[in-house]
Amino acid sequence: PDSVQIDSISVLPNGNTTIAWKIPRQNDIVKYQIYLFNGTAQTLAISPGRQTKSYTYSTSSAENNTVSLFVAAIDSCNNLGGFDKRPVSLFLKTKYDYCAYQTKLNWNEYINLQNGLLEYRIYYSDNGSTFTHIASTQQTSYIHKYPTPGKNLCYFIRVINKTKNVTSTSNKVCFFSTQTPSSNYVYIKTASVLSDSETKLTILVDSSKIINGLTILRSNTGINYSNVGFINYNGSGNYSFVDKSTLTKTQNYFYKVAVKDSCGNNRITSNPVKTMLLNINEDDDNLFVKHLSWINYEGFLGGIGGYKIYRIDNQFLKATEIGFTNFETTTFTDTLDEVAPNGSKIEYVVECIENTLNNYGIKSSSFSNGIDVYMEAKLFIPNAFMPNGINKTWRPRSFFVDKLEYEVNVFNRWGELVFHSNDDTEEWDGKNCLTGIYVYVINYKNSKGKTQQTSGKISLIN
């Protein structure tokens with residue numbers, strides 16, 4: 001009989017190998033002899049009947065290596081025909097790189113494919129889902145990038161000939177896509193403005209797993225984030241980061257933190273937070289009235305309990321809480337009549353208070369940018385006083401004048417210094433001075449730090 005022409009050799013889903021062939025032209029063929037080649041040829045079976053066109057080798061050795069099967073026809077006189085070149089099953093091997101998140105696939109070349117090779121098709125499934133054709137190639141290797149991590153992955157290869165009427169399938173390879181251990185949570189406790197160019201984040205991270213570090217991400221809109229910094233992991237669960245490239249007086253910012261695992265891959269991402277932006281509007285009818293408004297804070301898991309408003313009368317005094325609003329109110333009005341004599345500069349800051357302890361047992365707060373209010377310095381100077389009358393002393397009254405840069409001098413008609421003080425609350429009583437005209441000279445700095453001088457005459461009346 002003629003040599004049997006092999007149609008295909010393929011691996012079944014259960015790991016068995018099946019071989020199919022075309023029936024030779026001789027009519028007196030009565031059976032086929034099936035061989036397994038494993039260094040030497042050995043008879044596997046005798047398949048009776050001329051019309052028999054396939055045989056299944058019911059051993060799963062194809063899952064561990066290639067399987068070589070071939071067939072010879074036997075006629076009614078028990079003559080043994082020739083056989084086709086030994087076709088070899090496709091044997092797929094995989095290697096999963098859990099750091100690069102990719103699967104490397106390699107398989108042997110499928111030889112003696114009728115009408116030539118069109119392509120090898122790669123099929124993929126995760127967690128028992130339907131297999132999907134993900135790529136085609138004429139090579140015998142492929143890299144599947146970014147398969148789903150933490151799932152059971154399966155692959156197989158199918159070869160197609162140019163006329164698309166012959167196919168052969170490889171063994172199926174399955175494995176679990178293990179990821180390198182990483183933190184289970186990361187949380188931005190608070191984002192606070194430190195200065196005109198600095199914003200500070202405080203961060204909590206799960207330290208039960210070793211990681212590479214934390215990537216700091218920032219956005220102006222809350223949509224597109226960019227990398228602005230990195231914190232190396234030191235085994236602690238608490239970290240802080242100061243972003244020194246912010247413009248806190250004109251812009252509020254959004255932040256997120258991504259955990260970078262020991263492979264250098266970004267894993268989980270924190271809660272997004274949004275900093276506050278404080279603005280002040282003047283009152284057209286009253287110079288001493290200031291209207292505060294701010295963009296609300298976002299990010300507390302415990303919700304917002306409200307906002308504290310602080311005023312600093314000048315840069316040398318401690319902040320004073322002047323008001324409180326609920327979580328819905330982001331405006332406040334302040335009147336400066338009472339503090340006008342206290343200093344040259346007024347500054348406002350708003351603090352957002354977390355409402356309750358959150359899931360991490362934390363209750364935080366966040367500060368807005370500070371806003372300076374520079375008031376025009378004013379001096380009200382009496383032009384006469386009567387030591388023995390009703391107005392017994394003389395003292396200039398200052399409003400929004402720098403207290404540390406204040407000096408008053410009074411001279412008699414001969415140019416002699418009769419009174420000197422650096423304290424704007426100290427009074428001149430005119431003691432041991434004659435009735436007459438005196439000259440005062442006052443040096444001070446206004447709220448913007450500019451040195452000023454004013455002078456005039458005082459009448460001392462007895």
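This talk covers two sheets and two nonpolar cores in the structure above. The model is a predicted one, so please keep that in mind throughout.

I will start at the N-terminal sheet. Three strands make up an open sheet here, in the order E1-E2-E5, and the pairing is antiparallel. The edge positions belong to E1, residues 5-11, and E5, residues 54-57. Each of those two has a single partner strand, so one of its sides has no neighbour in the sheet. On average, neighbouring strands in this sheet are turned by 15° against each other, ignoring direction.

Now the pairing itself. E1 runs antiparallel to E2, residues 17-22, and six bridges connect them. If you want one position to click on, take Ile 9, whose bridge partner in E2 is Ile 19. As general background, strands of a sheet pair through backbone hydrogen bonds, in either a parallel or an antiparallel way.

Next, the second sheet. Which order do its strands take? The order is E24-E25-E28, again an open sheet of three strands with antiparallel pairing. E24 and E28 are the edge strands, and because each has a single partner strand, one side of each lacks a neighbour in the sheet. For this sheet the average turn between neighbouring strands is 25°, direction ignored.

E24 covers residues 277-282 and E25 covers residues 289-295; their antiparallel pairing extends over six bridges. The two strands form a hairpin, with six residues between them. Within that pair, Leu 278 is opposite Trp 294 of E25. On to E28, residues 331-335: five bridges join this strand to E25, and the two run antiparallel. Val 289 has Thr 335 in E28 as its bridge partner.

That leaves the cores. In general, nonpolar side chains in soluble globular proteins tend to be buried together. The largest nonpolar core here has 37 residues. Which members touch the most others? They are Trp 21, Tyr 32, Val 71, Trp 107, Tyr 155 and Ile 157.

Val 71 is worth a look on screen. Leaving out residues up to four places away in sequence, its contacts include Val 4, Ile 6, Ile 19, Trp 21, Tyr 32 and Ile 34. Gln 33, Gly 82, Phe 83 and Asp 84 are also among the residues that Val 71 touches. Ile 19 you have already met, as the bridge partner of Ile 9.

There is also a second core, separate from that one, with 36 residues. Ile 188, Trp 294, Leu 336 and Tyr 348 are among its members. Trp 294 is the residue in E25 that stands opposite Leu 278.

Key. Residues are numbered from 1 along each chain as its sequence is written. This is a predicted model: local features need pLDDT of at least 70, side-chain atom pairs count only at pLDDT 80 or more; totals for chains, interfaces and linings use all residues. Side-chain values use heavy atoms; hydrogens and water are left out. Two strands pair if DSSP finds at least two bridges between them. Helices (H or I, at least four residues) and strands (E, at least two) are DSSP runs, numbered from the N terminus. Axes are lines fitted to C-alpha atoms, for helices over the stretch in contact, and angles run from 0 to 180 degrees between N-to-C directions. A nonpolar core is a set of buried Ala, Val, Leu, Ile, Met, Phe, Trp, Tyr and Cys residues joined through side-chain atoms within 4.5 Å. Buried means under 20% relative accessible area, exposed over 50%, partly exposed in between (1.4 Å probe, protein chains only). Contact means heavy atoms within 4.5 Å.
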